[in-house]
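The following exercises are to be worked with the sequence and the three-dimensional model at hand. Each task is followed by a solution in steps.

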Amino acid sequence: MSATADHAETSLAERLGFQSGQVVQEIGYDDDVDMELREAIEQTIGDDGELVDEDYDDVADAVVLWFRDDDGDLTDALVDAIAYIEEGGPILLLTPKTGRDGYVEPSEISDAATTAGLTASKSVSVGKDWSGSRLATPKAAKSGKR
């Protein structure tokens, strides 16, 4: 029972890897995003508690990328997101769930992540309409960057 209680006390944002004090850049925001997830991330990162947008001119600790099928090329979006984060920082890729407008095939996510030099975790439900994949730069690739 304590494992269930501990799990309930951990917010979704914390389970996704967000931590207090992080600068989290958000890309692809639109009026269809999951506001509860955004608020959970903002509460977890604390301080001023706001996600920074695409115009942020410094390096972020993590990126939240909302991506829909008609948003263009996923590989390009991931490569762009890598440029916004600290070396080795995570990207949380959020895509609409199966049957929702803008759904992205899991194979497309996997292919785009691999092409961009990222490794993907399994997809997790992050809300009623969105699934998330936590993407990271492999350790071997990190040492060769910059």
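**Exercise 1. A crossover unit**

What handedness does the β-α-β unit made by β2, helix α4 and β3 have?

*Solution.* The model is a predicted one. Step 1: locate the three elements, namely strand β2 at residues 62-66, helix α4 at residues 74-84 and strand β3 at residues 91-96. Step 2: establish the direction of the strands; β2 and β3 run parallel and are joined by four bridges. Step 3: follow the path from β2 over α4 to β3, which gives a right-handed unit.

Step 4: set this beside the unit made by β1, α3 and β2, which is left-handed. There too the strands run parallel, with four bridges joining β1 to β2.

**Exercise 2. The overall order of elements**

Determine how many helices and strands the protein chain has, and in what pattern they follow one another.

*Solution.* Step 1: count the elements, which gives six helices and six strands. Step 2: read along the sequence, where the pattern is α-α-β-α-β-α-β-α-β-β-β-α. Step 3: consider the contacts with a separation of 6 or more; residues 24 or more positions apart account for 73% of them. Step 4: consider burial, for which 40% of the 146 residues qualify. The chain exposes about 8200 Å², and carbon and sulfur atoms supply 45% of that area.

**Exercise 3. The surroundings of strand β3**

Explain why strand β3 is described as largely enclosed by the rest of the structure.

*Solution.* Step 1: apply the cut-off, by which a residue is buried under 20% relative accessible area. Six of the six residues of β3 meet it, so the strand is largely enclosed by the rest of the structure.

Step 2: sort the side chains by direction. In a regular strand they alternate between the two faces of the sheet. In β3, I91, L93 and T95 point one way, L92, L94 and P96 point the other way, and all are buried.

Step 3: identify the neighbouring strands. With β2, the bridge partner of V63 is I91, and W66 stands opposite L94. With strand β6 (residues 130-136), β3 pairs in the antiparallel sense over six bridges; here P96 stands opposite W130.

Step 4: repeat the analysis for β2. Five of its five residues are buried, with A62, V64 and W66 pointing one way and V63 and L65 the other. Towards β1, V63 stands opposite Q25.

**Exercise 4. The nonpolar cores**

Which members of the largest nonpolar core touch the most other members?

*Solution.* Step 1: note the general tendency. In soluble globular proteins, nonpolar side chains tend to be buried together. Step 2: examine the core of 19 residues, in which L65, L74, L78, I91 and L118 touch the most other members. Step 3: assign the core to elements; β2, α4, β3 and α5 (106-115) each give two or more residues, and α4 gives the most, with five.

Step 4: take L78 as an example. Leaving aside residues up to four places away in sequence, L78 touches L65, I91, A112, A113, A116, L118 and L135. Step 5: look for a further core. Another, of 17 residues, lies apart from the one just described and includes V24, V33, I41 and V64.

**Exercise 5. Helix α3 and its ends**

Which residues of helix α3 are buried, and what covers them?

*Solution.* Step 1: inspect residues 35-45, in which L37, R38, A40, I41, E42, T44 and I45 are buried. Step 2: list the cover, which includes α2 (12-15), β1 (24-27), β2 and β3. Step 3: examine the N-terminal end, capped by D34 through a side-chain oxygen 3.1 Å from the backbone nitrogen of E36. Step 4: turn to the other end, where G46 follows the helix with a positive phi, near 65°.

**Exercise 6. Two residues of one loop**

Classify Q22 and G17 as buried, partly exposed or exposed.

*Solution.* Step 1: place the residues; Q22 lies in the loop between α2 and β1, and G17 lies in the loop between α2 and β1 as well. Step 2: compare each value with the 20% cut-off. Q22 has a relative accessible area of 15% and is therefore buried, whereas G17, at 22%, counts as partly exposed.

Step 3: list contacts, not counting residues up to four places away in sequence. Q22 touches G17, I45 and D61, while G17 touches Q22 and R134. Step 4: add the polar contact, in which the side chain of Q22 reaches the backbone nitrogen of Q19 at 2.9 Å.

Definitions and conventions: Residues numbered from 1 in each chain as written. Predicted model: local features only at pLDDT ≥ 70, side-chain atom pairs only at ≥ 80, totals over all residues. Heavy atoms only, no water. Buried < 20%, exposed > 50% of the residue type's maximum accessible area, 1.4 Å probe, protein only. Pairing = 2+ DSSP bridges. Right-handed = clockwise from strand over helix to strand, strands pointing away. Core = buried A, V, L, I, M, F, W, Y, C linked by side-chain atoms within 4.5 Å. Contact = heavy atoms within 4.5 Å. Polar contact = N/O pair within 3.5 Å; in protein donor to acceptor, adjacent residues only side chain to side chain. Areas by Shrake-Rupley, 256 points an atom, 1.4 Å probe, with all protein chains shown as cover.
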